[in-house]
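Student: Could you walk me through how to read this model, one feature at a time?
Tutor: Gladly; let us look at it together.

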Amino acid sequence: MGKPNTLRGRALVLGGGGVAGIAWMTGLLLGLSDEGVDLHGVTDTLIGTSAGSTVAAQIAGDTRLDDLFQRQVDPARQVAELQPKPHLLELVSHALPVLFELSDPTERTRRIGDLAVNTTTVPESVRRNVIAARLPEHKWPDRVLKIVAVDITTGEPRVFDRLSGVELVDAVAASCAVPGLWPPVSIGDRHYMDGGIRSSDNADLAAGSETIVVISPLGTGGVTLPGSSNLSSQVEVLHRDGARTRVIEPDDAARKAIGQNPLSPDTRIPAAEAGRAQGRAIAAGLAMFSDKPS
């Protein structure tokens with residue numbers, strides 16, 4: 001007798017990638033929807049990391065995709081995003097790759113946490129206001145939404161959901177708190193940083209779902225920490241466990257639109273438009289993922 005299929009439901013995993021990643025993922029989902037492929041509407045579980053936490057929280061509510069898209073491409077409706085100071089971008093671009101190479105995960109997390117705590121960025125309240133402005137709705141949705149952050153002290157991932165007793169804005173802010181660029185987020189007596197410190201996409205957290213789509217701005221070339229599995233490995237495990245899986249990453253036009261600095265607000269319009277065009281182009285190949293599993 002074959003192994004019984006215990007997988008259930010559908011998961012949409014949204015990865016990190018800065019404000020450009022938010023714009024690209026929003027455009028991609030709308031482009032798919034333009035062609036009748038409704039990935040976000042038929043999904044049971046949404047899992048968001050960093051930029052993906054913003055998009056996951058946005059699409060989990062009642063706001064229409066075309067409205068979310070206009071918030072990316074209409075200058076009059078765009079959120080007033082902060083830009084990291086040039087010296088912080090330079091600091092992080094040099095420090096994080098070195099820290100990521102540390103093989104001892106405890107030491108690695110401690111030192112990344114030190115970078116987050118000891119770097120002067122903007123007040124936590126100022127950054128929170130930006131995150132709040134990104135989200136049309138501030139209440140946790142009824143559907144399953146998981147937001148991934150990392151505890152600065154322990155290095156352990158924290159997956160927030162509506163049962164965590166944490167406000168949605170704070171959960172998303174924590175998931176987006178890039179160490180060295182934005183302040184750590186205080187929740188209770190703990191402090192949290194970007195969920196991408198564990199994994200750019202955290203696709204493995206979708207285990208147990210029968211159908212899984214990963215939308216990854218960084219793609220299979222994203223950062224992999226020593227001792228951690230990369231996106232390809234995570235998806236391969238999900239596939240071996242019987243899940244129907246698909247990874248979507250930017251095509252050449254979208255990569256060009258995202259550019260070298262995905263944190264720049266100037267990337268939003270070209271990234272969103274490239275995402276929409278890509279979504280329309282690939283929709284036919286994704287139709288099966290918008291059908292309910294048998």
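Student: Is Glu167 buried or exposed?
Tutor: This is a predicted model, and here the number to read is the relative accessible area. Glu167 counts as exposed because its relative accessibility is 51%, and the exposed class begins over 50%. Its salt-bridge partner is Arg128, with 3.0 Å between the closest N and O atoms. Glu167 sits in the loop between β4 (157-160) and α7, while Arg128 belongs to helix α6, so the pair links distant parts of the chain, 39 residues apart. Arg128 itself is partly exposed, at 26% relative accessible area.

Student: What is the general idea behind such pairs, and how many salt bridges does the structure hold?
Tutor: Side chains of opposite charge can pair when their charged atoms come close. This structure holds 13 salt bridges. One of them joins the side chains of Arg276 and Asp34, at 2.7 Å from N to O. Arg276 lies in helix α10 (residues 268-286) and Asp34 in helix α1, so this pair ties together parts that are 242 residues apart in sequence. Both partners are partly exposed: Arg276 has a relative accessible area of 23%, and Asp34 has 32%.

Student: Which residues do salt bridges with shared partners join into one network?
Tutor: Asp34, Arg276 and Arg280 form that network.

Student: Where do I find a salt bridge inside a helix, and how far apart in it are Asp114 and Arg110?
Tutor: Look at helix α5 (residues 105-118), where Asp114 and Arg110 are four residues apart and therefore separated by about one helical turn. Their closest N and O atoms are 2.9 Å apart, forming a salt bridge. Asp114 is partly exposed with a relative accessible area of 33%, and Arg110 is partly exposed with 42%.

Student: Let us turn to the interior. Which residues have the most contacts inside the largest nonpolar core?
Tutor: They are Trp24, Ile59, Leu145, Phe160 and Ile215, in a core of 57 residues. The largest share of this core comes from α1, which supplies nine residues. A second, separate core has 17 residues, including Leu88, Leu99, Phe100 and Ile152.

Student: What is Trp24 in contact with, beyond its neighbours within four places in sequence?
Tutor: Among its contacts are Ile215, Ser216 and Pro217, then Ile248, Glu249 and Pro250. Further along the chain, Trp24 also touches Ala254, Ile258, Ala271, Ala272, Gly275 and Gln278.

Student: How should I read Gly31 in helix α1?
Tutor: Start with its cover, then ask what surrounds it. Gly31 is buried, with a relative accessible area of 0%. Setting aside neighbours within four places in sequence, Gly31 is in contact with Arg276, Gly279 and Arg280.

Student: Where is Gln72, and is it buried or exposed?
Tutor: Gln72 is placed in helix α3 (residues 65-73). With a relative accessible area of 8%, Gln72 is buried, because that value falls under 20%. Beyond neighbours within four places in sequence, its contacts are Ile22, Ala23, Thr26, Gln78, Arg268, Ile269 and Ala272.

Student: How many residues of helix α7 are buried?
Tutor: Eight of its eight residues are buried, so helix α7 (residues 168-175) is mostly covered. Among them are Leu168, Asp170 and Ser175.

Student: And where is Gly41?
Tutor: Gly41 is found in the loop between α1 and β2 (45-49). Gly41 is partly exposed, with a relative accessible area of 44%. Gly41 and Ala60 are 19 residues apart in sequence, with their C-alpha atoms 8.5 Å apart in space.

Student: Finally, how do I read the empty space, and what volume has the largest pocket?
Tutor: Rolling a probe the size of a water molecule over the atoms shows where empty space is left. Here the largest pocket has a volume of about 1,100 Å³. Its lining has 39 residues, of which Gly17, Val178, Leu218, Pro262 and Leu263 lie nearest the centre of the pocket. By class, that lining has 22 nonpolar, 12 polar and five charged residues.

Student: Which helix gives the most to the lining of the largest pocket?
Tutor: Helix α4 does, with six residues. At least two lining residues come from each of α1 (18-34), α4 (86-100), α6 (124-134) and α9 (252-258).

Technical notes: Residues are numbered from 1 along each chain as its sequence is written. This is a predicted model: local features need pLDDT of at least 70, side-chain atom pairs count only at pLDDT 80 or more; totals for chains, interfaces and linings use all residues. Side-chain values use heavy atoms; hydrogens and water are left out. On a 1 Å grid over the protein atoms alone, a cavity is a set of points where a 1.4 Å probe fits but cannot get out, and a pocket is an open set with protein on both sides within 12 Å along at least five of seven lines; lining residues have an atom within 4 Å of a point. Grid points are joined across faces, edges and corners, and a volume is the space filled by probe spheres set on the points. Ala, Val, Leu, Ile, Met, Phe, Trp, Tyr, Cys and Pro count as nonpolar, Asp, Glu, Lys and Arg as charged, and the others, Gly among them, as polar. A nonpolar core is a set of buried Ala, Val, Leu, Ile, Met, Phe, Trp, Tyr and Cys residues joined through side-chain atoms within 4.5 Å. Buried means under 20% relative accessible area, exposed over 50%, partly exposed in between (1.4 Å probe, protein chains only). Contact means heavy atoms within 4.5 Å. A salt bridge is a side-chain nitrogen of Lys or Arg within 4 Å of a carboxyl oxygen of Asp or Glu.
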